[in-house]
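Hi,

Here is the structure I said I would pass on. Have a look at it first, and my notes follow underneath.

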Amino acid sequence: DWPQMIAGIDRMLPRPVRPTVRDMAREIDAVLSEFLRGQGMVMLALATYYCVALKLAGLEFALPVGLVTGLLVFIPYVGFGLGLMLGMLAALTQFTTPGPIIAVAAIFMVGQVLEGFVLVPYLVGDRIGLHPLSVIFALMAFGQLFGFVGVLLALPASAALLVALRVMQRRLLEAETRDAQTVTGDTAPPKA
């Protein structure tokens with residue numbers, strides 16, 4: 001049914017804007033695909049980090065706790081919070097001295113910093129064309145405006161908005177070039 005759906009949407013669009021909407025949809029699709037790939041890399045990297053770090057700290061349940069934490073990081077704060085809770089419960093039941101328990105807590109704190117300031121900005125932000133600082137700002141702004149749902153949708157929405165702005169900018173530049181050629185009577189393409 002996908003081709004019929006696209007054809008139906010295409011018929012609803014005014015003919016002059018069809019190429020622009022098609023370009024925008026194609027680019028947004030590509031950017032969202034890159035977002036999902038980047039998010040998958042973040043999840044894999046964090047699952048590996050938590051499994052290895054918790055195993056080095058001596059936690060018996062390092063593998064399940066690390067996997068759950070790493071694979072749930074796509075839900076902001078939930079993956080970290082659940083992993084921290086599970087890790088601390090496992091550490092409290094396994095260890096009798098405070099050293100390893102503090103080490104487990106430190107592993108989760110380092111993982112949170114690693115996720116927020118290194119992995120997401122560089123693995124996701126770079127893939128979708130957002131500067132790392134823009135990624136952090138988008139997460140904070142969308143979180144402030146729309147709460148938990150805003151944090152979930154911040155990066156895909158920012159990427160789609162960036163694509164829309166780029167397509168609009170290209171169309172405006174093309175229109176300006178056509179207008180300038182019409183005024184001067186020049187039909188050759190402008191020299192760079």
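**Salt bridges first**

R170 is partly exposed, at 36% relative accessibility (buried means under 20% relative accessible area, exposed over 50%, partly exposed in between, with a 1.4 Å probe and protein chains only). Before going further: this is a predicted model, where local features need pLDDT of at least 70, side-chain atom pairs count only at pLDDT 80 or more, and totals for chains, interfaces and linings use all residues. Residues are numbered from 1 along each chain as its sequence is written, and side-chain values use heavy atoms, with hydrogens and water left out.

Back to R170: its salt-bridge partner is E27, and the closest N and O atoms of the pair are 2.4 Å apart (a salt bridge is a side-chain nitrogen of Lys or Arg within 4 Å of a carboxyl oxygen of Asp or Glu). E27 sits in helix α2 (residues 18-56) and R170 in helix α6 (residues 132-184), so this pair ties together parts that are 143 residues apart in sequence. Helices here are DSSP runs (H or I, at least four residues), numbered from the N terminus. E27 is partly exposed too, with a relative accessible area of 25%.

The whole structure has six salt bridges. Another of them joins E34 to R37, with 2.8 Å between the closest N and O atoms. Both residues are in α2, three residues apart, or about one turn of the helix. E34 is partly exposed at 24%, and R37 is partly exposed at 45%.

In α6, R171 pairs with E174 at 3.2 Å between the closest N and O atoms. These two are also three residues apart, about one helical turn. Salt bridges that share partners then join D23, R26, R171 and E174 into one network.

**The core**

The largest nonpolar core has 35 residues, and L54, V104, F108, I128 and L155 touch the most other members (such a core is a set of buried Ala, Val, Leu, Ile, Met, Phe, Trp, Tyr and Cys residues joined through side-chain atoms within 4.5 Å). At least two residues each come from α2, α3 (62-71), α4 (78-94), α5 (98-128) and α6. The largest share, nine residues, is supplied by α2. Leaving aside residues up to four places away in sequence, F108 touches Y50, L54, V65, T69, F80, G83, L84 and G87 (contact means heavy atoms within 4.5 Å).

**Two helices to look at**

α4 has 17 residues, and its end C-alpha atoms are 24 Å apart, which agrees with the 24 Å expected at 1.5 Å a residue (the expected span is 1.5 Å times one less than the number of residues). Its buried residues are G79, F80, G83, L84, G87, M88, A90 and A91. Down the axis they fall within an arc of 165 degrees, so they line one face of the helix (the arc is that of the directions from the helix axis to the C-beta atoms). These buried residues pack against α2, α3 and α5, while the face turned away from them carries the exposed L92 and T93.

What about α6? Its 53 residues would reach 78 Å as a straight helix, but the end C-alpha atoms are only 43 Å apart. α6 bends by about 145 degrees at F146 (the bend is the angle between axes fitted to the seven residues ending there and the seven starting there).

Cheers
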